[in-house]
Structures are given as structure tokens and as C-alpha cells.
Amino acid sequence: MKRALCTTVAALAVVYCGLCAAADTPPQAAVDPAILANLDRIRQTAIKSDWAWELLEDLADHIGPRLSGSPQNAAAINRVAAAMRALGAQVTLQPVKVPHWVRGEEQAELTDYPARPDGVTQRLRLTTLGGSSATARAGLERRVIVVHDFNELRARAQEVLGNIVLFQVRFDQTLADNGRAGAAYGQAGDYRFHGPSQAASLGAVAALVRSVGGAEYRLPHTGETLWEPKQAPIPAAALAAEDADLVARLAAQGPLTMRLLLTPETLPDVDSFNVIADWPGAESADQFVVVSGHLDSWDLGTGATDDGVGVAAAAGVIQVLHDLNLRARRTVRFIGWANEENGTRGREAYFNSLSGKIDAQCAVIESDSGGGHVLGLSAAVTKESLIRLKPVIDALAPLGATVLDPRQGQVGTDIGLLQTAGVPGLAPLVDTRHYFDYHHTAADTLDKVDPGNLRDQVATLAVLAYYLADTPACLPRVPKPDRR
């Protein structure tokens, strides 16, 4: 999974909280002026370069959607690896077995409902959820039971049995508009992730969710749904928000029936790769600062914002260091992750490869929040480390990226396992007010990305990665939160 513009007051509050959190730590020692000068050079070089934009354009326009297991995904791996080799980076293709799920047909039609004129039916806009099973080839036709939360689902268990469930849960755009798009996504997304499984456990024959997203242009939003171990999946799909509202209105008037046809296939796992490209350190090449994004995307759009922006910006870090002929003390490692969207197999392969070597990972950075304006950094680090990050914020001030957002827990899906092991985790903090308008839809295309925002994100990631790789000591490990 897979983050947000604040108002001026809220942004200042975040900065204030970050500095207050570190107020009881010793002041930072003076930073080598040569490092500070390099941070300025990196920022200035990044904002003048279109290299990352050209890579993003290649991924989005020439290759297109990049679902794991697809020929497009394989092409993206090869293109990014070739781009990294052309810069002189040391490239490794790390093998990963990934799921191969194919969407198939998807149709829904209301065949009976209160006050329906004779001979009239209504077609609905929907998209199958990743991990869904198929209906019979002829489809299925059942009553639709509309519920608004899991408690109502359980309370209506007898009605659910043998029928289709619709989870009618709205994405809270007000939260998104106030800098909390991630929270809005988490709240509504819970019903996409877990709703079909819970409906299946009560005997539903299919499950639908109201699309998880902000703008309502009758765009269905796809995404993964999860099943319990050994649980047989049922057909599952997301209705466009307007169509979910229509079904809910009609259901309030009396029983309604839907014909549903979904024909996805889960094929055998296929071979894929994480793309790893190292820009070796000048002194401690066996220590790494990871900067990353994920190469796969859903299959409806062209994956420009999720996560073409992130992977292109992270790759752009290596290009900036190459153009400046600049090497930090430690190795800056780019990773283009495999299979973030429907399995996270890439992060598992990388984490498992580090057995006994986790201490060599000094910090991990992931960009997976779209192409909005960069506001600063989210940092899941110790209080001491917040003070140590001040030179980064100072270097990013000309971009307006001045917010230091202290976080606990995961700041990126693909770096989550590394964070759990104590590795400091960071991410660019971007304006996500409208990220979920197009997220996982057919409208996730190149025109949604502002080239200037992408350049600023390259600059942010490059300044941060170089600083973490060149300071005398790695950031301290992050202890697990005290749950008492």
C-alpha cells in the first residue's frame, strides 16, 4: 500500500511537533560543510533534469499497466535495469516468484428492483478485485444485501447467506482535504481488504465494495482483497461510487437483484525480479541506504502515479549522483520492488536475502504516494534522529519541502519488514488530497503527473539519500513501540 497536504497551520504544527519531540536530545554536532555544499548541488542538479520524467514516460506510455506476471511488468524490469546499467550502477536482478492473476470479463446488471419498468435493466460500472474468484461462465443472479459496517454484516447474517453483499462505506474526502488521505484510505480500504472474506465466512456468494477513492467520476477503483488461510475466495469487485449509491438507494426501497459476471483467473506463479542498482560508497560500500519505489501497477491505467512516479524518482537519485560524479561514504542502493500491489513478494525476497546482514541496512526510503507537491519528509526514526535530519530540511527549503513529520510504524509497504527489524524508515511527504481520485483506476495516466513535482521529488529523495549515506554514522536503530 501502497500520504498529504496540510493547511499552513497544520503544517507548522507538524514541524513544531517534530522539533519538540527532539527537544530533550542533545544538540547535533556541526555537519561537515562539504556535505552541506553537496546537498545544495544535488538539489540544484535534480530540479534541472528531465531524466526521471523520461523514464516515467517510458513506463507509462511505452509499456503501460504492469501487473505482476504480465509481459508489461517484465518489460519494465528490463527497461529500468538497462537505464541503471547505462549510468554505471552495479545492477542485480533478484529473483522473485510472483502471482499471476488475470482480470477477465466483468459485468454487473440490476435485473429487478422496486418500481422497475417492465423490460428495463440497469448496467453498473465495476472492476474485479485482485484475488477474486470467478463466477460461473453464465454469471450468477442473486439479491443484494447492502451493509454499512461489519457489525451490520454480522447482524444480518441470515440475509447474507446465499446472496451478494455490498459494503457501502464512503471514502472520507474531508480527511483527505485536511492532510489525512492515508487515514481515509485505511478506513474505507479495510472493507476492500477484509469485507469479501468476512462476507464469504457468512455464506455470501459474492461481495462488492464501494470504490475506495475521493473523486466520483463513475470510475471503479480496483485493489487487492485478502482471504483467510484455506478460505475459498468468492467473486469480489468494486462498484463505482455512483453505482454503489444507486444500489443503496434502491435497496432502501425494497429487495433488488443483480446479475454478476466475473471471470478472473489465478494462473501459476511466474518468475520476476526486484531491480537492485548500487552506487557504491567510497569508504563503507558494504553499508546501504535504500531508496525505492515499486515497479508493478494495477492493470486498469498505466500506473503513472502508483507507482511510476515513485520508482522513477528513486531511480533519478542514481542519475543525479552519476551526473555530479558524487559518491557518499556508504552505498546508495536503488530498489525497484516487485509485486507490491497484489502480494508483496518482492519485499519478502529482499528481506529474506539479508539473513545475518540486516545491520548493513542503514536506512530505507520508499516513495509510493503519487506525484503531488513535495511538502517534506515522513520519518519513522528516533527522537535523536529528528534533530540529525535538520540539514536535510534546510537543504530542501527552496523547494518548500520544510515539514518534518515524525511517524511511528510503517511509512511504506515495501520497506515495512525492514522497519519492523529496526531500520529507520523515511518517505517523501507529498500532497495527497487528490491522489485517491485516480488511485487504482483507468485514469492513473501520465497526464496526472506534473513534471515539476517529479523533479522536486527526485531532489528530495536525492538530498535525503546522499545525506544519510555520507554522514559519519548511520541513524540509530528504531526500537519497537512500547505496547503497554
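Which residues in H10 meet which residues in H16? The legends below address this question and others for a predicted model.

**Figure 1. Close-up of the contact between helices H10 and H16 in the predicted model.** Helix H10 covers residues 304–324, and helix H16 covers residues 451–470. On the H10 side, the contact is made by Val-309, Gly-310, Ala-313, Ala-314, Gly-316, Val-317, Val-320 and Leu-321. These meet Leu-454, Gln-457, Val-458, Leu-461, Ala-462, Ala-465 and Tyr-466 in H16. By class, the residues of this contact divide into 12 nonpolar, three polar and no charged. The two helices pack at an angle of about 60 degrees, and their axes are 8 Å apart. That angle makes H10 oblique to H16. The crossing of H10 and H16 is right-handed.

**Figure 2. Close-up of helix H2 against helix H16.** The axes of H2 (residues 33–46) and H16 come within 8 Å and cross at roughly 155 degrees. Angles over 145 degrees count as roughly antiparallel, so H2 is roughly antiparallel to H16. The crossing of this pair is right-handed. H2 contributes Ile-35, Asn-38, Leu-39, Ile-42, Arg-43 and Ala-46 to the contact. From H16 come Arg-455, Val-458, Ala-459, Ala-462, Val-463, Tyr-466, Tyr-467 and Asp-470. The contact of H2 with H16 has 10 nonpolar residues, one polar residue and three charged residues.

**Figure 3. Close-up of helix H3 against helix H16.** H3 (residues 51–63) and H16 pack at an angle of about 115 degrees, with 9 Å between their axes. The crossing of H3 and H16 is right-handed. Ala-52, Trp-53 and Leu-56 of H3 make the contact with Pro-451, Leu-454 and Val-458 of H16. The contact of H3 with H16 comprises six nonpolar residues, with no polar and no charged residues.

**Figure 4. Close-up of the open sheet that contains strands S1 and S10.** Eight strands are arranged in the order S1-S10-S12-S11-S13-S16-S14-S15, and their pairing is mixed. Strand S1 (90–102) and strand S15 (403–406) stand at the edges; each has a single partner strand, so one side of each is left without a neighbour in the sheet. On average, neighbouring strands of this sheet are turned by 25 degrees against each other, direction ignored. S1 pairs with strand S10 (residues 265–279) in the antiparallel sense over 12 bridges. Within this pairing, Leu-93 has Val-275 in S10 as its bridge partner. Helix H10 packs on the sheet and touches S10, strand S11 (284–294) and S12. The direction of H10 makes about 145 degrees with that of S11. Helix H4 (residues 71–86) lies across S1, S10 and strand S12 (330–337), running at about 10 degrees to S10.

**Figure 5. Close-up of the open sheet that contains strands S5 and S9.** The order of its eight strands is S3-S2-S9-S5-S6-S7-S8-S4, with mixed pairing. Strand S3 (122–124) and strand S4 (126–128) are at the edges with a single partner strand each, so one side of each lacks a neighbour in the sheet. Neighbouring strands of this sheet are turned by 30 degrees against each other on average, direction ignored. Strand S5 (residues 140–147) and strand S9 (residues 257–262) pair in the antiparallel sense over four bridges. Arg-143 stands opposite Thr-257 in S9. Helix H8 (residues 181–201) packs on the sheet, where it touches strand S6 (164–167), strand S7 (206–210) and strand S8 (236–239). The direction of H8 makes about 155 degrees with that of S6. Helix H9 lies across strand S2 (106–112), S3, S5, S6, S7 and S8, and runs at about 135 degrees to S3.

**Figure 6. Close-ups of backbone geometry at Asp-307, Asn-339 and His-440.** A cis peptide bond, with omega of about 5 degrees, joins Asp-306 and Asp-307. Asp-307 has its place in helix H10. Asn-339 is not a glycine, yet has a positive phi of about 60 degrees. The loop between S12 and helix H11 (345–352) holds Asn-339, which counts as buried at 1% relative accessibility. His-440, another residue other than glycine, has a positive phi near 65 degrees. His-440 lies in the loop between helix H15 (435–438) and H16, and is buried with a relative accessible area of 5%.

Note on methods: Residues are numbered from 1 along each chain as its sequence is written. This is a predicted model: local features need pLDDT of at least 70, side-chain atom pairs count only at pLDDT 80 or more; totals for chains, interfaces and linings use all residues. Side-chain values use heavy atoms; hydrogens and water are left out. Two strands pair if DSSP finds at least two bridges between them. Axes are lines fitted to C-alpha atoms, for helices over the stretch in contact, and angles run from 0 to 180 degrees between N-to-C directions. Contact means heavy atoms within 4.5 Å. Angles under 35 degrees count as roughly parallel, over 145 as roughly antiparallel, 65 to 115 as roughly perpendicular and the rest as oblique. A crossing is left-handed if the near helix is turned anticlockwise from the far one by less than a right angle, and right-handed if clockwise. Ala, Val, Leu, Ile, Met, Phe, Trp, Tyr, Cys and Pro count as nonpolar, Asp, Glu, Lys and Arg as charged, and the others, Gly among them, as polar. Buried means under 20% relative accessible area, exposed over 50%, partly exposed in between (1.4 Å probe, protein chains only).
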